[in-house]
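Thanks for making time for this. I would like to walk you through one model, with the definitions spelled out as they come up, and I will start once the picture is on the screen.

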Amino acid sequence: MKVVVIYDAGSDEWSPQDVAAVVENVREVREVLRARGHEVDLVPVKLGDFRWLTRCRKADLVFNLCEGINGHARYEDFVLGALELTGTPFTGPRAWPITVCHRKHVANTLLAAEGLPVPAFVLAQGNKIPANFPLPAIVKPSAEDASVGIDSGAVCTSRRALRSRVSQMLEHFEEVLVQEYVAGRELNVGFVGSTMLPISEIDFSRMPEGSWPIVTYAAKWSPDHPEYAGTEPVCPARLPADVARKVGRIARQAWQFLGNQEGYGRVDMRLTDQGQPYVIEVNPCPDLSRDAGLARMARAHGWAYDELIMQIVDEALGRSQKTDAAAALVALPPRVTTPELPT
Ligand SMILES: Nc1ncnc2c1ncn2[C@@H]1O[C@H](COP(=O)(O)OP(=O)(O)O)[C@@H](O)[C@H]1O
Ligand SMILES: [Mg+2]
């Protein structure tokens, strides 16, 4: 099979570390596919140059590692939209879950309307936060991921701190979300298609004194920072069976509702001391690196990294066959043509 791996070509502003993070995962995936005998082409996606699409259309499958264009995540769904429009099979979720989940207030509104437990939230535009909004509250950018904009100052315990944090964040981010802070444990639930992987937990017990038990930017990306050691993933999470079932059920509902159980994803959750799970966010296409959360959950499930990648490939191929079959079923007879619109 001929597989094209797509990825963001990056920009001049990228640091050598940014480039290395993308390239390393692209190579990891290429090696897995090559080892299985597939022909693999690496294709960077650029703005204003559509040769990437032409190359993708010649492939049997596109392996999507493109998290945006020039580092702008908002283009990721356009890339997938182009692949969908041209009927090119690709791994991971479709464009719409990416569009929805990239804006946390939109995703939260939909999840809450579906009856899923979502902590109270409000979009902070114009700094209009209801006077009775529950505290503590966490302030986060609505359209970012990977803990961008989150440090220990993100959790506010007073109205004054909240107002000041929101103003500060609005200087850097267009849309800022204020959300009720959920104390308790942090859990991640991964999915490949409809397969749920073992639940993972972030162990905050070694978090430095004075830091909130949250996954800050430093905790995620700075191995030398004390918050990094203070956010240790444990998979499988040690949970009573009934709690694990409840968490799993809610995570699956969220993944079904926002991701249609297609591709792969990770649902981030918090669990109160009273055993009530809350959905914090749904991540379609989470980090697929060998040392990232999804690969860890897959290992706990019995899938080595190669197996995870091939499961993702199989899920994408299965989906594209179903789409082809459905298209054939509803295909219009050739004589029917769209009437010309009056000019
Ligand atoms: N409502 C909340 N209550 C408690 N902690 C939260 C809440 N929202 C976010 N966090 C903390 O902030 C981290 C990042 O927030 P998240 O919404 O998952 O954004 P990102 O897309 O950056 O991962 C979470 O992993 C969690 O530790
Ligand atoms: Mg998250």
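In which loop is Pro-236 found? Pro-236 is found in the loop between strand S11 (232-234) and helix H9 (241-259), where helices (H or I, at least four residues) and strands (E, at least two) are DSSP runs, numbered from the N terminus. A cis peptide bond joins Cys-235 to that proline, with omega about 0°.

Before going further, a word on provenance: this is a predicted model, in which local features need pLDDT of at least 70 and side-chain atom pairs count only at pLDDT 80 or more, while totals for chains, interfaces and linings use all residues. Residues are numbered from 1 along each chain as its sequence is written, and chains are lettered from A and ligands numbered from 1 in the order in which they are written.

There is another cis peptide bond to look at, the one from Leu-135 to Pro-136, with omega near -5°, and Pro-136 lies in the loop between S4 and S5.

Those strands bring us to an open sheet of four, in the order S4-S7-S5-S6, with antiparallel pairing; two strands count as paired if DSSP finds at least two bridges between them. Its edges are strand S4 (121-123) and strand S6 (155-156), each of which pairs on one side only. S4 and S7 are joined by three bridges in the antiparallel sense, and Val-122 stands opposite Val-178 in S7.

Now to the ligand. Ligand 1 is surrounded by 20 residues, the closest being Asp-145, Gln-179, Val-182, Ile-214 and Val-215, where a residue is near a molecule if its C-beta atom, placed from the backbone, lies within 6 Å of it. This shell divides into 10 nonpolar, two polar and eight charged residues, counting Ala, Val, Leu, Ile, Met, Phe, Trp, Tyr, Cys and Pro as nonpolar, Asp, Glu, Lys and Arg as charged, and the others, Gly among them, as polar. At least two shell residues come from each of strand S5 (137-141), strand S7 (176-180), strand S12 (264-271) and strand S13 (277-284). In terms of domains, whose bounds come from an automatic or database domain assignment, domain 2 (92-117 + 183-199 + 235-324) and domain 3 (120-180) each give the shell at least three residues.

Staying with S12 and S13, these strands run antiparallel and are joined by seven bridges, with Val-267 opposite Val-282 in S13. Their hairpin has five residues between the strands, and there Gly-275 takes a positive phi near 85°. Six of the eight residues of S13 are buried, meaning that 20 or more other C-beta atoms, placed from the backbone, lie within 10 Å of the residue's own, whereas 12 or fewer would make it exposed and anything in between partly exposed.

Positive phi also turns up away from glycine. Asn-260, in the loop between H9 and S12, has a phi of about 60°, and this residue is partly exposed, with 16 other C-beta atoms within 10 Å. Asn-70 has a phi of about 55° and is likewise partly exposed, with 15 such neighbours within 10 Å.

Finally, the largest nonpolar core, a set of buried Ala, Val, Leu, Ile, Met, Phe, Trp, Tyr and Cys residues joined through C-beta atoms within 7 Å, has 86 residues, of which Val-5, Ile-6 and Ala-254 touch the most other members. H9 gives the most to this core, with seven residues.
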